[in-house]
Amino acid sequence: MQMQMKESFDEGVATVEVLFEESDRAIDYRFLAVNRAHQVMSGLGSEVVRKRIREVMPDVDPSVIQRLGKVALTGEPVRFEDYIPSVNRWFEVYLSRLGPQGSRTVVSVSKDITERKRREGLQTFLLTLSDALRPLVDPQQIQVLAADLLGEHLQVNHALYGEVRGEQIHISHSYAKGLAPMVGSFHAEDFGKRLMDGHRAGRLQVCANTTSDPLFDEQERQVLAAAHVGAYIAVPLVKEGVWVGLLSVQNIQPRDWAPTEVEAVQEVAERTWAAVERTRAERALRESEEKYRSLFESIDEGVCTIEVLFDEHEKAVDY
């Protein structure tokens, strides 16, 4: 009954025996039992039972062992959040001693909170982006900063923002990590007709593996391989039926994109476009006002602008 209950949990449950030196310093721990959810969450499988953590994870953080040791010695339960790089996920973990004082057995209950942590990270990133873009008045500076911040946030190999003029995609800057920057003017069809048809139609395109995606034929796969594109997210910007811009992030290796990563690219695309259009509109207004002011001040005749004031009978009484 106890095993059936444990297997029904959504949380990962593991029972471990903490191993100590003579000085009561925790040096390792041995798995006594793990449920199916723990096997999936940890990526360790069921083979870990009766094995020590240092056998299956030689580079385990010593602080993890010390934390378990403290719970075993004191009997005081603890709750904390932990990131496991090997599975790229966040967990909320609850540790509690099992048995009376002197017991070295600890129960660990883990809940996957990766999606919540990713969403928190997305909101923090978008606030940072908005604060960074707000004071900028040059369109190119906006595009540069947006691409760089997005590239760092997602840890990709390329992040670029391009403006579409006719059949040309103009890229003045690209974030690049491990690759040469992609800068210049490119013909839309250089990246494959079907891919560009999707961009013109305003379709979001998310590819986890360019070598197996049915969107591409063999020739297009070769083009992408030559450009070192193993995975990508592409957000075309279509305004009033016209394809005007593109924001894309690319990875050398295949990559399963999280929903929040796709959302981040979509948000940055729209916010970059809005910021660029705002600065261009403000620049156009300033230039128009300057032309009007120059014209006004260059006239030799005395000129003033007045407002005529009328009474209730529509008789001019003042100005």
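Colleague: Why does Ala-37 count as buried?

Modeller: The relative accessibility of Ala-37 is 16%, and a residue is called buried when its relative accessible area is under 20%, exposed when it is over 50%, and partly exposed in between, using a 1.4 Å probe and protein chains only, so Ala-37 falls in the buried class. Ala-37 belongs to helix α2, residues 36-42, and its C-alpha atom is separated by 9.4 Å from that of Lys-111, which is 74 residues away along the chain. Please keep in mind that this is a predicted model, in which local features need pLDDT of at least 70 and side-chain atom pairs count only at pLDDT 80 or more, while totals for chains, interfaces and linings use all residues. Residues are numbered from 1 along each chain as its sequence is written, and side-chain values use heavy atoms, with hydrogens and water left out.

Colleague: What makes Asp-256 count as exposed?

Modeller: Asp-256 has a relative accessibility of 71%, and because the exposed class begins over 50%, Asp-256 counts as exposed. Asp-256 sits in the loop between β12 and α9, where helices (H or I, at least four residues) and strands (E, at least two) are DSSP runs numbered from the N terminus. Leaving out residues up to four places away in sequence, Asp-256 touches Ala-208 and Glu-261, a contact being heavy atoms within 4.5 Å.

Colleague: Why is Arg-203 called partly exposed?

Modeller: The relative accessible area of Arg-203 is 48%, which lies in between the two limits, so Arg-203 is partly exposed. Arg-203 is in the loop between α7 (193-200) and β10 (205-207), and, apart from neighbours within four places in sequence, Arg-203 is in contact with Asp-197, Gly-198, Ala-234 and Pro-236. The C-alpha atoms of Arg-203 and Val-235 are separated by 7.3 Å, although the two residues are 32 apart along the chain.

Colleague: How do you know whether Thr-279 is buried or exposed?

Modeller: Thr-279 has a relative accessible area of 2%, which is under the 20% limit, so Thr-279 is buried. Thr-279 is found in helix α9, and its contacts, not counting residues up to four places away in sequence, are Leu-136, Val-137, Pro-139 and Ile-142.

Colleague: What makes the residues around Leu-150 and Ile-233 members of a nonpolar core?

Modeller: A nonpolar core is a set of buried Ala, Val, Leu, Ile, Met, Phe, Trp, Tyr and Cys residues joined through side-chain atoms within 4.5 Å. The largest such core has 30 residues, and Leu-150, Ile-233 and Leu-247 are among those that touch the most other members. Among the elements that give two or more residues to this core are α5 (114-133), α6 (139-154) and β11 (231-239), while α9 gives the most, with eight residues. A second, separate core of 22 residues includes Val-16, Ile-53, Ile-65 and Phe-80.

Colleague: How do you know whether the protein chain is a compact globule or more spread out?

Modeller: The protein chain has nine helices and 14 strands. Its radius of gyration, taken over C-alpha atoms, is 30 Å, whereas the globule rule (2.2 Å times the number of residues to the power 0.38) gives 20 Å for 319 residues, so the protein chain is more spread out than a compact globule. Along its principal axes, the C-alpha trace spans about 100 × 65 × 35 Å, and 37% of the 319 residues count as buried.
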